Amino acid sequence: MNKNILNTGVQEFINKNTNTDTMSVLLKKSPFIEVSSKELAEQIEAKKKCQKKLPIWFNTPNIYYPNKLNIEQTSSEKTAEYKASILNQNSVIDLTGGFGIDSYYFSKKITEVTHCEINENLAKIAAHNFKELDAKNIKSFSIDGLKYLEENNSFYDWIYIDPSRRNEVKGKVFLLSDCLPNVPENLNLLFKHSNNIAVKTSPLLDFSIGISELKQVKEIHVVSLENDVKELIWILEKEYTGSIEIKTINIGKQKTDTFSFNFNDEKEATTTYNLPQQFLYEPNAAILKSGAFKILGEKLNLSKLHVNSHLYTSKQEVLNFPGRIFKIEKGIPFNKKAIKEVNISKANITTRNFPESVSNLRKKFKIKDGGDTYLFFTTTMNNDLTVLICSKHN
């Protein structure tokens with residue numbers, strides 16, 4: 001950590017050049033003796049990445065930025081704020097603190113926050129930024145989180161941990177035991193220091209595998225931001241053996257959709273099927289990741305179009321559906337003649353359980369993207385390929 005980057009003149013240069021091409025900064029001689037062009041470019045590039053993802057950091061003076069990879073890997077402010085709403089007692093230790101986004105949001109809800117980060121430089125950066133953000137109730141340590149627990153007798157209301165994958169071998173099954181730190185291997189140590197553990201993982205982790213590895217799972221939170229699943233939060237409680245609640249959260253620009261169900265209830269739920277009726281329902285990404293395909297229809301009294309389509313329909317509108325609602329204007333069979341007759345040149349296209357891609361359909365039928373018409377190319381309960389012409393209802 002080069003503290004000269006925090007000098008007034010350097011900070012003014014970084015702020016003035018936020019929208020400048022970083023390559024041009026990199027290729028020019030630095031106007032500062034103790035700060036290189038590379039360091040200036042890295043600060044500018046990392047700050048740019050914070051503008052939408054971490055606006056509090058972006059808008060706070062004298063923030064020191066790590067490399068852009070750390071920014072890309074960290075939680076967004078919105079997902080961190082959600083996690084802080086779950087961990088709401090008196091003390092928490094963040095064993096894999098990183099840049100400190102989660103720890104900062106924990107500090108707004110929790111009295112005492114301990115931030116551990118094994119990378120010494122990143123730990124110093126986070127500690128500096130906590131001061132600039134006036135987060136006085138965070139203690140930051142440059143140490144391996146598990147080692148810190150082993151060397152201290154402290155007991156916490158919560159332990160939070162965000163393990164990272166050791167490698168990115170494609171096609172390999174994602175296991176928590178392949179991550180650092182190895183959470184399954186250290187559960188006994190963790191439960192010596194808290195009765196409650198929150199583990200953040202990639203959405204790639206299969207529910208059944210995670211449950212098998214972590215044993216004492218009480219809840220799984222599927223967190224989506226603007227219909228893009230960002231992370232899974234696994235809530236573990238010491239000696240817990242009860243049913244597992246799945247909570248889906250889709251944080252939108254204007255509202256947050258939630259839907260909860262019991263993991264075992266999905267297996268036992270019954271599905272009704274129907275041909276397209278008055279309304280069409282498309283579940284959000286968090287629902288699709290959670291696998292709540294039967295329980296969603298059962299709880300909301302909706303019929304599915306097909307076992308593999310994951311689209312729902314009803315005669316009467318169902319309010320507060322966790323996803324998008326459309327009014328079905330017309331349904332037509334999938335053939336050139338029928339599609340040519342409706343004469344649609346511009347529309348939003350979605351495919352669900354359909355043999356052709358969106359790009360092929362656009363090219364084949366010369367349909368431009370956009371407008372107020374929504375076309376769903378899907379398969380019905382009779383295994384017929386169908387096109388549903390819809391208008392947005394919410």
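What share of the contacts in the protein chain with a separation of 6 or more comes from residues 24 or more positions apart? The legends below start with that one and then move in on single sites.

**View 1. The whole chain, a predicted model.** Back to the opening question: 64% of those contacts join residues 24 or more positions apart. The chain runs to 394 residues, and 51% of them are buried. If you want to count elements, there are 16 helices and 18 strands to go through. The C-alpha trace spans about 70 × 60 × 35 Å along its principal axes. As for the outside, the accessible surface adds up to about 19,900 Å², with carbon and sulfur atoms holding 46% of it.

**View 2. Strands S4 and S5, the two ends of the confidence range among the elements.** Over the chain as a whole, pLDDT averages 93, and 98% of the residues reach at least 70. Zoom in on residues 158–161 and you have strand S4, whose mean pLDDT of 98 is the highest of any element. Strand S5, residues 164–165, sits at the other end with the lowest mean, 80.

**View 3. The second largest pocket, with a volume of about 430 Å³.** A set of 18 residues lines this pocket, and Asn250, Lys255, Asp257, Gly323 and Arg324 are the ones closest to its centre. Three elements each put at least two residues into the lining: strand S12 (279–283), helix H13 (285–290) and strand S15 (323–333). Sorted by class, the lining comes out as 8 charged, 7 polar and 3 nonpolar residues.

**View 4. The second largest cavity, holding about 40 Å³ of space.** The structure has 2 cavities of 30 Å³ or more, and this close-up shows the second largest. Its walls are made by Ile332, Ile339, Val342, Ile344, Ile367, Leu375, Phe377, Val387 and Ile389. Helix H15 (336–342), strand S17 (368–379) and strand S18 (385–392) each chip in at least two of the lining residues. What classes do the residues of this lining fall into? The tally is 9 nonpolar, no polar and no charged.

**View 5. The two linings side by side.** Set up the pocket and the cavity together and read off the classes. On the pocket side, the lining includes 8 charged and 7 polar residues, whereas the cavity lining has none of either class. Good residues to label are Lys255 and Asp257, two of those closest to the centre of the pocket, along with Leu375 and Phe377, which are among the residues lining the cavity.

Methods. Residues numbered from 1 in each chain as written. Predicted model: local features only at pLDDT ≥ 70, side-chain atom pairs only at ≥ 80, totals over all residues. Heavy atoms only, no water. pLDDT = per-residue confidence, 0-100. Helix = DSSP H or I, 4+ residues; strand = E, 2+ residues; numbered from the N terminus. 1 Å grid on protein atoms, 1.4 Å probe; cavity = no way out; pocket = protein on both sides within 12 Å on 5 of 7 lines; lining within 4 Å. Points joined across faces, edges and corners; volume = space filled by probe spheres on them. Nonpolar A, V, L, I, M, F, W, Y, C, P; charged D, E, K, R; others polar. Buried < 20%, exposed > 50% of the residue type's maximum accessible area, 1.4 Å probe, protein only. Contact = heavy atoms within 4.5 Å. Areas by Shrake-Rupley, 256 points an atom, 1.4 Å probe, with all protein chains shown as cover.
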